[in-house]
Amino acid sequence: MECILFRHGIAVERADWDGEESLRPLTPKGAEKTREAAAGLLRLELEPGYLWTSPLARAFDTAKIIRQMLCPRTELHVHEVLLPEASPGKLLALLASLPLDSTVICVGHEPHLGETAGLLLFGKPVTGLSFKKAGACCLRFRETPKAGRAELRWWMGPSQLRSLR
């Protein structure tokens, strides 16, 4: 199994947003940079059968861009296990329910994605693992996903992904 963790793109700043936090959208620049990062994913010849996202607007909008650019036939599923405050273990349990030959893209938030990467790679959340906005990593499991059993294939910030176009 390959699991791509992808942080949402640049969103409107909290101080500049008068609406509900869950509805805070990507900025136009954030949407464009996300499209460019998704184009980099395309160059990596990923074939995701699953595309999961947090229900928050900025992640959902990011996932829609990824779907449009990379996997238009893949259904987009909203999962609360990708909310910023969710336990990384809940995402691990969901990953373990997939077939072993799956490729899944999970679109979410910091610090949750960094904590999840730590759990998957080292068996526990660790400091120092974080994603820039529209950055991603690819983790591989050779058997049913368990804490500490992932292998890191790659970790790229948005500028590295954009350079792959």
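Which residue follows helix 1, and what sign does its phi have? That would be glutamate 45, with a positive phi near 55°. Keep in mind that we're looking at a predicted model here.

Helix 1 itself covers residues 28-43. Its 16 residues should span 22 Å at 1.5 Å a residue, and the end C-alpha atoms sit 23 Å apart, so the two figures agree. Quite a few of its residues are buried: Gly30, Ala31, Thr34, Ala37, Ala38, Ala39, Gly40 and Leu41. As a general point, an α-helix has 3.6 residues a turn, so residues three or four places apart point the same way. The buried residues of helix 1 pack against two strands, strand 1 (2-7) and strand 6 (151-156), and two helices, helix 2 (57-70) and helix 5 (158-163).

Now for the cysteines. How many disulfides are there? The count is zero. Cysteine 3 and cysteine 106 don't make one because their sulfurs are 4.1 Å apart, too far for a bond, given a cut-off of 2.5 Å. Here is how the two compare:

| Cysteine | Closest cysteine sulfur | Relative accessibility |
|---|---|---|
| Cysteine 3 | Cysteine 106, 4.1 Å | 0%, buried |
| Cysteine 106 | Cysteine 3, 4.1 Å | 0%, buried |

On to the pockets. The largest pocket has a volume of about 200 Å³. Of its 14 lining residues, Arg7, His8, Arg14, Arg24 and Arg58 come closest to the centre. By class, the lining has eight charged residues, four nonpolar and two polar.

Terms used
Residues are numbered from 1 along each chain as its sequence is written. This is a predicted model: local features need pLDDT of at least 70, side-chain atom pairs count only at pLDDT 80 or more; totals for chains, interfaces and linings use all residues. Side-chain values use heavy atoms; hydrogens and water are left out. Buried means under 20% relative accessible area, exposed over 50%, partly exposed in between (1.4 Å probe, protein chains only). On a 1 Å grid over the protein atoms alone, a cavity is a set of points where a 1.4 Å probe fits but cannot get out, and a pocket is an open set with protein on both sides within 12 Å along at least five of seven lines; lining residues have an atom within 4 Å of a point. Grid points are joined across faces, edges and corners, and a volume is the space filled by probe spheres set on the points. Ala, Val, Leu, Ile, Met, Phe, Trp, Tyr, Cys and Pro count as nonpolar, Asp, Glu, Lys and Arg as charged, and the others, Gly among them, as polar. Helices (H or I, at least four residues) and strands (E, at least two) are DSSP runs, numbered from the N terminus. The expected span of a helix is 1.5 Å times one less than its number of residues. Contact means heavy atoms within 4.5 Å.
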